[in-house]
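Trainee: Please take one part of this model and go through it closely. Start from a single side chain and work outward to what surrounds it.

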Amino acid sequence: MSNLNLIYKSYYEWWKNIDKTLFILIILLFSLGLFFSLVSTSLIASDKLNTNNYFFFFKHLIFISIGMIVLIFFSSLSEKNLFKVSIYLFFVSLFMLFLVPIIGSEVKGSRRWLNLFFLPRFQPIELVKPFIIVFIATILCSEKNLNIYFKYLLTFIAIIPVCLLLMMQPDIGQTTLIFLSWSILVFISGISLLIILAMILFSLISLAYMIFFISKFDYIKSRIQSFFNPIDGSLTFQPNKAIDAISSGGFLGKGIGEGTLKNKVPEAHTDYIISVISEEFGVVVIILLLILFLFFIYTVFKKIYLEKNEKIKLVLTGTVSLIIFQVLIHLGVNIRLLPTTGMTLPFLSYGGSSIIGVSILSGIILNLTKRKIN
């Protein structure tokens, strides 16, 4: 009985100290994702898989349930244990990412997934993203007497294996996301703007060289070329259909179940969920979703402004930057401002890897925005 009382007391303290506004926003976004998963996948399950109409819905529900357990775990740790666990898990997830080109599953020319017995088609990068933020912040805030420029170099060295492994898959979208998040962290830590611009320029030149002169990246090269010169219908089919869906949905949408994009475009419930929502519910719902994301981001930044600890500031900035950039990339792809990347929308897209990854991010954010006990 004493153990139960101890558990109850510890989680009562957790509930008392977490930011209720952020927690409610996270629950609301996950719930909306579950609802949109139901309306966007029921026909796919019945028509293509010849199974229960709610097959994807129940899988999504299971993913969210696991995600909530993960969120509560990371948000209930002490700050010291959170940083310690995150560093260990960074190296574990990096090892899993290293296994992808060796034993990973290949789908449509990309090898990005590991088949784990408890979570088939899992993307290790979704684990790497939150933990690499903590790892970079730990290096930048190290109390060891190291030159600040040496620390910047160490952080750059830390992201190199991640970016190289991602480019081998190939996954330029996630590579860009990692690089942008790293750039934000080193920039706000005080690096000279000229140095960071030089690093970005060097990275862009290196990336362009690999895409256009190394045969491994011909698929990405074709996607970029089709984006600027849309001749090949096979490579522009998805983005064209997404734009058509948004246009046909108009301001108020066609209504629940009336959309056609989810049946025409593969993985529409993951990579093109915004277009699916827009077609059935209209642009007005997309605007409301963006307001929710903006309010979530504003609430986190308000906490960052009041925070005194530099390491916590960096981690919070890095985690929320990951969410911002991922939302922007997803939106950019759906409205054809960016080439197709296969980027999910945080909280809303279907997919176990994405939900677990954003649950870890949310858990870290809730942990570091908790009310401090004096």
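**From one loop side chain to the core**

Mentor: The side chain of Asp19 reaches the backbone nitrogen of Thr21 at 3.0 Å (a polar contact is a donor-acceptor pair of N or O atoms within 3.5 Å). The model is predicted, so local features need pLDDT of at least 70 and side-chain atom pairs 80 or more, while totals for chains, interfaces and linings use all residues. Numbering runs from 1 along each chain, and side-chain values use heavy atoms, without hydrogens or water.

Asp19 belongs to the loop between helix H1 (2–17) and helix H2 (20–47) (helices are DSSP H or I runs of at least four residues, strands E runs of at least two). Despite being in a loop, Asp19 is buried, with a relative accessible area of 11% (buried is under 20%, exposed over 50%, partly exposed in between, with a 1.4 Å probe). Beyond residues up to four places away in sequence, Asp19 touches Thr299, Lys303, Leu366 and Thr369 (contact: heavy atoms within 4.5 Å).

A second loop residue to look at is Phe347, between helix H14 (310–334) and helix H15 (352–368). Phe347 is not a glycine, yet its phi is positive, about 75°. Most residues other than glycine have a negative phi. Phe347 counts as buried at 1% relative accessibility. With neighbours within four places in sequence left aside, the contacts of Phe347 are Ile26, Leu29, Phe30, Gly33, Phe293, Phe296, Ile323, Val358 and Ser362. Three of these partners, Phe30, Phe293 and Phe296, are linked with Phe347 by ring pairs into a cluster (rings pair with centres within 6.5 Å; planes under 30 degrees apart are stacked, over 60 edge-to-face, the rest tilted).

Phe347 and Phe296 also stand out in the largest nonpolar core, which has 100 residues. Together with Phe36 and Val162, these two touch the most other members of that core (a core joins buried nonpolar residues through side-chain atoms within 4.5 Å).

The ring pairs extend beyond this cluster: a search of the whole structure finds 18 aromatic pairs. One of them is Phe74 with Phe131, a tilted pair at 5.8 Å centre to centre and 40° between the planes. Phe74 lies in helix H3 (residues 55–76) and Phe131 in helix H5 (residues 125–140), so this pair ties together parts that are 57 residues apart in sequence. Both rings belong to buried residues: Phe74 has a relative accessible area of 5%, and Phe131 has 2%.

Helix H12 (residues 273–281) is another covered element, with nine of its nine residues buried. Among them are the nonpolar Ile273, Ile274, Val276, Ile277 and Phe281, but also Ser275, Ser278, Glu279 and Glu280. Gly282 follows H12 and has a positive phi, near 90°.

Now the whole chain, as a setting for these details. The protein chain holds 15 helices and two strands. Of its 374 residues, 52% count as buried. Among contacts between residues at least 6 apart in sequence, 71% join residues at least 24 apart. The Phe74 and Phe131 pair, bridging parts 57 residues apart in sequence, is a case of such a link between H3 and H5.

To return to the starting point, Asp19 is a buried residue in the loop between H1 and H2, and its side chain reaches the backbone nitrogen of Thr21.

How values were computed: Phe/Tyr/Trp six-rings, centres within 6.5 Å; stacked < 30°, edge-to-face > 60°.
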